[in-house]
Amino acid sequence: MKEKKYDKRFVKRLKLGSRYVGKYLLDDMFEAFNSGHSPLKPLDVVIERTYSCNLRCQTCFRWTSSPNEEELGLEEWTSVIERLKNWIGTFSLSITGGEPFLKSDMLDIIKYATGQGITTSVSSNGSLIDQTLADKLVASGLDALALSLNSVTPEIHDETRGCEGNFNDVMRVIRILGDRGNMWLSIGTTVMSENLGELAALAELAKEMRLDGITFQPLMETSSLPIFDVKGQSKKLPDGKYYKGLWKNIELVDGVFAKLISMKLEGYPINNSIRHLEYMRRYLKDPNDPGVCKLPCKIGSKNFLVDPFGNVRICSLMEPIGNLRNELPADVWNSEKARRQRRDIDRCGKKCRLLTCTFKDLDFSFKLRKLRKSLQVAG
Ligand SMILES: C[S@@+](CC[C@H](N)C(=O)[O-])C[C@H]1O[C@@H](n2cnc3c(N)ncnc32)[C@H](O)[C@@H]1O
Ligand code: SF4
Ligand code: SF4
């Protein structure tokens, strides 16, 4: 029985992997010959399950949102997923927030999506995952779980996450999930002055704790993680104190990133491509590096983001191109608004093109690691 399930996961990953490669190659070809082409279907679907959060990070102010009854419920999310599946076929679904596990239907949403053959991943702060939930997540067929961890020093992590004890929570979840079959478990680190000197130690920790990966994410101004209301209007947010101090230790940047690149080449499970690490280095030295701002933002043909109210965006910072409460995903994706948003994306000069979810890179070694993991049988 078990082996059958793992075979299924391998086939799913293989299918999705080939779709990725095909899509990336095709997009590059189309871009070279016709910059105004209309992409067939998205590749990465992101659901922001809720804006609510139980932490108080000073880099993201989603925790300032109050619980809102107008957020989509379980039935609406399953219907969204069903319609997406009917249209796209296999795709990768990332669920984020806010803190997604604040919603009691998260497990049902995951089970529904994996049951449809969709590859699922969740980003979480780890605070609400106990042994029972961890066991259920493994049994649900969830493909990947990413836990945020900003430091190997508990005080620094807790301080940047605005919550005493969260470092211990994340460590507890990693230990509980030591035996996780072929579910991919990684940590996500937001890079800022406070943890710049610890990035290599975090990669070391990822290896020692037998995690499947660590993803580095450059700190952006908090407006890069916007909060919208049901009508798609965004809330004004402060920059955040860590963003203001981001360029405090620039003399460390070259050495730190040279070390990370050599660690990746040695086989440490660093998920970012070398190209991404290289661009991050440039951004962290100079946010206005012309090379960074000129790098094309590649989300136009790939991203499909659904906010807690069903509003769809290609770029998470721009206005909605439709709403899945009353529109079909294909109509939204091919609408005139979507075409206009793609043109705005082509002209955009913002730095959030370097966020992990936005920096679209075809990294074969990463895809292969994921494929290999899906063949592993639980110990
Ligand atoms: C918005 S959170 C949502 C999921 C979950 N609540 C968590 O913290 O993992 C997704 C990721 O964004 C990161 N993040 C927070 N503020 C950021 C910022 N200003 N710039 C870049 N990444 C940020 C978080 O550390 C986290 O890894
Ligand atoms: S980064 Fe995650 S945990 Fe922190 S406030 Fe934002 S949503 Fe919450
Ligand atoms: S860089 Fe990309 S993700 Fe950021 S605002 Fe511009 S288009 Fe959107």
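# Ligand shells and the nine-stranded sheet

Colleague: Which residues are closest to ligand 1, and how many surround it?

Modeller: Ligand 1 is surrounded by 20 residues, and the closest are T59, C60, S148, G188 and M220. A residue counts as near a molecule if its C-beta atom, placed from the backbone, lies within 6 Å of it. This is a predicted model, in which local features need pLDDT of at least 70 and side-chain atom pairs count only at pLDDT 80 or more, while totals for chains, interfaces and linings use all residues. Residues are numbered from 1 along each chain as its sequence is written, and chains are lettered from A and ligands numbered from 1 in the order in which they are written.

Colleague: Which elements give two or more residues to that shell around ligand 1?

Modeller: They are β2 (92–97), β3 (119–124) and β5 (184–191). Strands here are DSSP runs of E with at least two residues, helices are runs of H or I with at least four, and both are numbered from the N terminus.

Colleague: How do the residues around ligand 1 divide by class?

Modeller: The shell around ligand 1 has 6 nonpolar, 13 polar and 1 charged. Ala, Val, Leu, Ile, Met, Phe, Trp, Tyr, Cys and Pro count as nonpolar, Asp, Glu, Lys and Arg as charged, and the others, Gly among them, as polar.

Colleague: And the other two ligands: which residues are around ligand 2?

Modeller: Around ligand 2 are C53, L55, C57, C60, R62, W63, G97, G98, E99 and N125. That shell has 5 nonpolar, 3 polar and 2 charged residues. Ligand 3 is surrounded by C297, I299, C315, L317, I345, C348, K350, C352, R353 and T358, and these divide into 7 nonpolar, 1 polar and 2 charged.

Colleague: What is unusual about the peptide bond that joins G97 and G98?

Modeller: The bond between G97 and G98 is cis, with omega about 25 degrees. Most peptide bonds are trans. G98 lies in the loop between β2 and α3.

Colleague: Turning to the sheet, what is the order of its strands?

Modeller: The sheet is open, has 9 strands with mixed pairing, and follows the order β6-β5-β4-β3-β2-β1-β7-β8-β9. Its edge strands are β6 (213–218) and β9 (322–323), each of which pairs on one side only. Two strands pair if DSSP finds at least two bridges between them.

Colleague: How many bridges join β1 to β2?

Modeller: Strand β1 (residues 44–50) is joined to β2 by 6 bridges, and the two run parallel. V46 stands opposite S94 in β2, and S94 in turn stands opposite S121 in β3. β2 and β3 are also parallel, over 4 bridges.

Colleague: Is β3 enclosed or open, and why?

Modeller: β3 is largely enclosed by the rest of the structure, because 5 of its 6 residues are buried. Buried means that 20 or more other C-beta atoms lie within 10 Å of the residue's own, exposed means 12 or fewer, and partly exposed is in between, with C-beta atoms placed from the backbone.

Colleague: What lies on the β4 side of β3?

Modeller: Strand β4 (residues 144–148) runs parallel to β3 and is joined to it by 4 bridges; S123 stands opposite A146 there. The chain passes from β3 through helix α4 (residues 131–140) to β4 in a right-handed β-α-β crossover. Right-handed means that, with the strands pointing away from the viewer, the path from the first strand over the helix to the second runs clockwise. β2, helix α3 (residues 106–115) and β3 also make a right-handed β-α-β unit.

Colleague: Now the helices. Which residues of α9 are buried?

Modeller: In α9 (residues 250–266), V253, V256, F257 and L260 are buried. Seen down the axis, the buried residues of α9 fall within an arc of 100 degrees, so they line one face of the helix; the arc is that of the directions from the helix axis to the C-beta atoms. The face of α9 turned away from that side carries exposed residues, including E251, D254 and E266.

Colleague: One last point: what is the phi of R210, and where is this residue?

Modeller: R210 has a positive phi of about 55 degrees although it is not a glycine. R210 is in the loop between α7 (199–208) and β6, and it is exposed, with 11 other C-beta atoms within 10 Å.

Key:
The expected span of a helix is 1.5 Å times one less than its number of residues.
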